[in-house]
Amino acid sequence: MISANDLSPAELAALLHFHADAGVEWLLEEEAIDRFAEFEAMKAARGPAAQAQLQRPAAGERPAPGQAQVRPNAAVRPAPAERAASGPQPAIPDGEAVQQARFVAETARSLVELKSAIEAFSGCNLKHSARSTIFASGDAESGIMVIGSAPSAEDDREGMPFSGKSGQLFDKMLAAIGLTRSSVLLTQVIPWRPPGNRAPSAAEMDICRPFIERQIALAEPKAILLLGNFSARFFFGENDTIHGLRGRWKEIAVADCVIPAIASLHPQDLLTAPVNKRLAWNDLLAFQAKLKSLSLLRN
């Protein structure tokens, strides 16, 4: 184990960020706990019960009527009710989860109903490791929709999309073309943060697709801005990088709606490579021009 005394302040900060991203919130208990004594007490309490369960009849004896014979090293399985109460239920098959997600999404008649339905949905494994469910926020009547990829660690902690430093840059990007968070409908393709910010699996994307498509169908935007490589691939159905997908208007078909959409770099990409800000600026100007042509933004 590496001592904290051997780490520099920067290394300590990086280590704390790593633990925070992994979901560790408390490093120390408020009061000292003797785990060894706690373990011995638990072991002593289990001893008599375990011996009674594993006790075998003497040689030549048969078990009493109604008494099941237990093998020496057989694991004692709890009753079904006990198993249900002792931990989370097994995950349902992906195909069934997709069907449930479609039913839940199609049943919702408003964004408010859809938000409640997604928060109650438990068919996606991502929800079990995430702290927050990220749903659409802003003006659903604006006709303008901005869709990010998946929640970051900051988004998961704050409970809102585009938080932290990338969120600050995002606000500046919107302001540069005369928009604010409150003047657009802002959401993410995936409502739950994937552990370690990994890319969502194909099954997870299939499960979450009905939710984001239903958000679009209910909001009926006139133009969509996609931010990030994942969101662009998700809607355009192409495997190119964001540099190959950005800056070109395409059409997204959702339910009975066909909506023009343009992709650009995610604010986090711009923080990593600031040289690409000029590309994002060109995309924002194209998006602004489209909004003006649709009378969604004043000249």
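This is a short tour of one predicted model, moving from the whole chain to a few residues worth selecting.

Residues are numbered from 1 along the chain as its sequence is written. Because the model is predicted, local features need pLDDT of at least 70 and side-chain atom pairs count only at pLDDT 80 or more, while totals for chains use all residues.

Begin with the whole chain, coloured by secondary structure: it has 13 helices and six strands, where helices (H or I, at least four residues) and strands (E, at least two) are DSSP runs numbered from the N terminus. Of the 299 residues in the chain, 34% are buried, meaning that they have under 20% relative accessible area with a 1.4 Å probe, counting protein chains only.

Next, select strand β3, residues 185-188, and within it Thr187, which counts as buried because its relative accessibility is 0%. Leaving aside residues up to four places away in sequence, Thr187 touches several others, among them Phe135, Met145, Ile147 and Ile212, a contact being heavy atoms within 4.5 Å. Now show the side chains of Thr187 and Gln215, which are joined by a polar contact of 2.8 Å; such a contact is a pair of N or O atoms within 3.5 Å, one able to donate a hydrogen and the other to accept it.

Finally, select Cys124 and Cys208. Their sulfur atoms are 4.2 Å apart, too far for a bond, since a disulfide is a pair of cysteine sulfur atoms within 2.5 Å. Cys124 is buried at 0% relative accessibility, and Cys208 is buried at 1%. A search of the whole structure finds zero disulfides.

Note on methods: Side-chain values use heavy atoms; hydrogens and water are left out. Buried means under 20% relative accessible area, exposed over 50%, partly exposed in between (1.4 Å probe, protein chains only).
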